[in-house]
Amino acid sequence: MGERIKKLKKIRIHREGTNELLLSALALACIGSLLWYSFSTTIPFWLFVIVFGSAWMMALNFYRCPIRYYNGDTDKLVVAPADGKIVVVEEAEENEYFHDKRLMISIFMSPLNVHANWFPVDGKVKFVHHQNGNYHKAWLPKASEENEHSDIMITTTDGEDILVRQIAGAMARRIVTYAKEGEECYIDEHLGFIKLGSRVDVYLPLTAKACVTMGQPTTGDQTVIAKLK
């Protein structure tokens, strides 16, 4: 029991969902009260509670935000910026900033995953660019370039430039980025948040060694996805 309470204390609701959850809970309470007193039978009330109560609980699960800290030395490490599943581990041409080949590692987040994003490396934010675009399914290869996305370039303490790309998916229509140009950033800090199903790409030097495989689940701020040379 004590361990369970300890785990619960490490879970909080992300600030991106606080207002939405509170307002929707008040609206559901008002409608539920109306149904309770408007009908001679309680069937409409309980049907409403089951359907919309389940939807509200799913939203609550979506906005959960675990409090996490990476235990260990972060030097030369690249940790997962998001919870999800590895959908890409390959060399890819990056022609927008680097104009050469990079090691690309992509994590797909389903609506059931935590959608907070963490900085994958320690360093300094070089720039932040937001680009409007389409809303293809996030796991498709073309989503990385054609979908709406935010690019965060981070220069590590060793001078390596690492690109992190937050990508909107078919359902996700809002990308929130907390990273600011010129600010120092560290593993354990939140980089941003993406609502509903989405994806995060990380572009690394070819000298980096991937530590994950296709289909492998990841835990944001915990799973080591690569090691820098």
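This passage describes the sheet, the cysteines and a nonpolar surface patch of a predicted model.

The model contains an open sheet of eight strands, in the order β11-β7-β8-β9-β13-β5-β4-β15, and the pairing is antiparallel. The edges are taken by β11 (184-185) and β15 (217-218). Each of these two strands has a single partner, so one side of each is left without a neighbour in the sheet. Strands of a sheet pair through backbone hydrogen bonds, either parallel or antiparallel. At the β11 edge, the partner is β7 (residues 123-131), and the two strands are joined in the antiparallel sense over two bridges. Within this pairing, G123 is found opposite C185 of β11.

C185 has a relative accessible area of 1% and is therefore buried, the limit for that class being under 20%. C30, in contrast, is classed as exposed because its relative accessibility of 55% lies over the 50% limit. A disulfide is a covalent bond between the sulfur atoms of two cysteines. With a cut-off of 2.5 Å between cysteine sulfur atoms, the count of disulfides in the model is zero.

On the surface, W36, Y37, W46 and V49 make a nonpolar patch of about 490 Å². Two elements, α2 (15-38) and α3 (43-62), each give two or more residues to this patch. V49 is located in helix α3. The relative accessible area of V49 is 32%, so this residue counts as partly exposed, between the limits of 20% and 50%. Residues must have over 30% relative accessible area to enter a patch, and V49, at 32%, is therefore over that cut-off.

How values were computed
Residues are numbered from 1 along each chain as its sequence is written. This is a predicted model: local features need pLDDT of at least 70, side-chain atom pairs count only at pLDDT 80 or more; totals for chains, interfaces and linings use all residues. Side-chain values use heavy atoms; hydrogens and water are left out. Patches are made of residues with over 30% relative accessible area and no salt bridge: like charges are joined within 9 Å, nonpolar side chains (Val, Leu, Ile, Met, Phe, Trp, Tyr) within 5 Å. Accessible areas come from the Shrake-Rupley method with a 1.4 Å probe; for residues, only the protein chains shown count as cover. A salt bridge is a side-chain nitrogen of Lys or Arg within 4 Å of a carboxyl oxygen of Asp or Glu. Helices (H or I, at least four residues) and strands (E, at least two) are DSSP runs, numbered from the N terminus. Buried means under 20% relative accessible area, exposed over 50%, partly exposed in between (1.4 Å probe, protein chains only). Two strands pair if DSSP finds at least two bridges between them.
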